[in-house]
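Please report on the fold and the metal site of this model. Keep the account brisk and tied to the computed geometry.

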Amino acid sequence: MSEFNLIQRYFAHLGASRAEVVLGVGDDAALVAGPGNTQLAIALDTMVEGVHFPVGTAPFELGFKALAVNLSDLAAMGAQPVWATLGLTLPEKNEQWLADFSAGMGFLASKYQLQLIGGDTTRGPLTITVQVAGSLPSGQALLRSGAKPGDLVFVSGQIGDAHLGLKQVLGALPIQVPHSVQRLHQPEPRVALGLALRGLASSCIDVSDGLLADMAHILAASGVGARIYPSLLQLSAEVKTHFALLGGWQGVLNGGDDYELCFTAPAERQSQILALADTLRLRISCIGEIVSQPGLVCLDEHDQPMAIHGAGYDHFREA
Ligand code: ADP
Ligand code: MG
């Protein structure tokens, strides 16, 4: 049973069915009715030492990233971050570690005007859980389920760097790639983009598990397929240099941790979206289109199908 089947079977329909819950399990965040004409988006992500980050990762980076990955889920919903709670499990009390961790998380929290309002602190293997809440006008959330045939597919920023950074951190690279390591440890949540995409995008997800895996969630939730051209993606100089070592497109399209946004929009909104990219000083690549035929097809420059398989990260995949 995959991670997703497991969630569906045991947790997707647990407890009561409450009237104020607009959206439960299955998107980047849940949506509940908030005060006035608002909704709250609520998301949670956990990072476990040895699974999500190598032993010895700097505490500033852990504090930063634990919040960043959650803000990324709010961005994918088009929500404005407001509050967070923190569950921290520590093997020992180390004040320098805590000061640095707190500084990393505090840096991002201040930047996004978010307040930490609670949490829990326990002793055990290093595990960091952050829950965030964001607010948005009712009915304007960006869902995974709104993609329509004919919509264009867009991806923000550059992908592949976090995967390359991880290779360096794990000692699998002959040379240093500081830009890519930075992208791994301190991903920039695309909050401003998410907010600007309200009313423009028809669907959205953040790219945490690999572009193909995360796009597949949009396609499944929307009941559509897609044809994409990987060659239209922006790649950093580092990823281009180490393209073969990353496993070519297979590696780049399946590498996780980039925290860019993948979204769809009707073709007539393309110029507005590209103008937005200028305003936000962020690259946005149009990489393909949504089709009614289910499935995700990658095409080369000659419109020929490429032999690429989706292999997003699944914590419970059988070996
Ligand atoms: P993301 O990658 O955007 O953080 P996940 O793949 O972790 O999303 O989760 C997919 C969906 O399943 C989300 O809506 C999440 O809230 C939900 N989910 C994951 N684990 C659980 C759980 N143990 N109980 C209830 N819902 C869960
Ligand atoms: Mg997500």
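The report below covers overall dimensions, the two sheets, the metal site and one loop residue.

**Overall dimensions**

This is a predicted model. The secondary structure of the protein comes to 10 helices and 12 strands. Its C-alpha atoms fill a box of roughly 60 × 55 × 45 Å along the principal axes. The radius of gyration is 19 Å, which agrees with the value near 20 Å for a compact globule of 319 residues. Of the 319 residues, 48% are buried. The accessible surface comes to about 15000 Å², and carbon and sulfur atoms own 54% of that area. Consider contacts between residues at least 6 apart in sequence: 82% of these join residues at least 24 apart.

**The sheet from S1 to S6**

Six strands form an open sheet in the order S1-S2-S3-S6-S4-S5, and the pairing is mixed. Its edge strands are S1 and S5 (115–123), each paired on one side only. From one strand to the next, the twist averages 20 degrees.

Within this sheet, S4 (residues 80–90) and S6 (residues 127–137) run antiparallel and are joined by nine bridges. Alanine 84 stands opposite valine 132 in S6. Two helices are placed against these strands. H2 lies across S1, S2, S3 (38–48), S4 and S6, and runs at about 30 degrees to S6. Helix H3 (residues 95–111) packs on the sheet and touches S4 and S6. The direction of H3 makes about 160 degrees with that of S4.

**The sheet from S7 to S12**

Another open sheet of six strands has the order S8-S10-S7-S11-S9-S12, with mixed pairing. S8 (203–206) and S12 (295–298) are the edge strands, and each pairs on one side only. The twist averages 25 degrees from one strand to the next.

The table lists three pairings from this sheet, with the facing residues.

| Strand pair | Sense | Bridges | Facing residues |
|---|---|---|---|
| S9 and S12 | parallel | four | isoleucine 228 and cysteine 298 |
| S7 and S11 | antiparallel | five | valine 153 and glycine 288 |
| S9 and S11 | antiparallel | four | arginine 227 and glutamate 289 |

How much of S11 is buried? Six of its eight residues are, so S11 is largely enclosed by the rest of the structure.

Helices also contact this sheet. Helix H7 (residues 211–222) lies across S7 (152–156), S8, S9, S10 (261–265), S11 (284–291) and S12. H7 runs at about 145 degrees to S8. Helix H10 (residues 270–280) packs on the sheet, touching S7, S10 and S11. The direction of H10 makes about 155 degrees with that of S11.

**The magnesium site**

Which protein residues donate to the magnesium ion (ligand 2)? They are Asp28, Asp73 and Asp206, each through OD, and they lie 2.0 to 2.1 Å from the ion. Along the chain the donors follow the spacing D-x44-D-x132-D. Aspartate 28 sits in the loop between S1 (21–23) and S2 (30–33), while aspartate 73 belongs to helix H2 (residues 59–77), so this pair ties together parts that are 45 residues apart in sequence.

Are aspartate 28 and aspartate 73 buried or exposed? The cut-off for buried is under 20% relative accessible area. Aspartate 28 has 7%, so it is buried. Aspartate 73 has 8%, so it is buried as well.

Water is not among the atoms, so the site may look incomplete. That caveat applies when reading the list of protein donors, Asp28, Asp73 and Asp206.

**A loop residue**

Where is valine 55? Its place is in the loop between S3 and H2. With a relative accessible area of 65%, valine 55 is exposed, since the cut-off for exposed is over 50%. Proline 174 is 119 residues from valine 55 along the chain, and their C-alpha atoms are separated by 21 Å.

Methods
Residues numbered from 1 in each chain as written. Chains lettered and ligands numbered in written order. Predicted model: local features only at pLDDT ≥ 70, side-chain atom pairs only at ≥ 80, totals over all residues. Heavy atoms only, no water. Donors = N, O, S within 2.8 Å, 3.2 Å for Na, K, Ca; no water. Buried < 20%, exposed > 50% of the residue type's maximum accessible area, 1.4 Å probe, protein only. Pairing = 2+ DSSP bridges. Axes fitted to C-alpha atoms, helices over the stretch in contact; angles between N-to-C directions. Contact = heavy atoms within 4.5 Å. Rg over C-alpha atoms; globule rule 2.2 N^0.38 Å. Areas by Shrake-Rupley, 256 points an atom, 1.4 Å probe, with all protein chains shown as cover.
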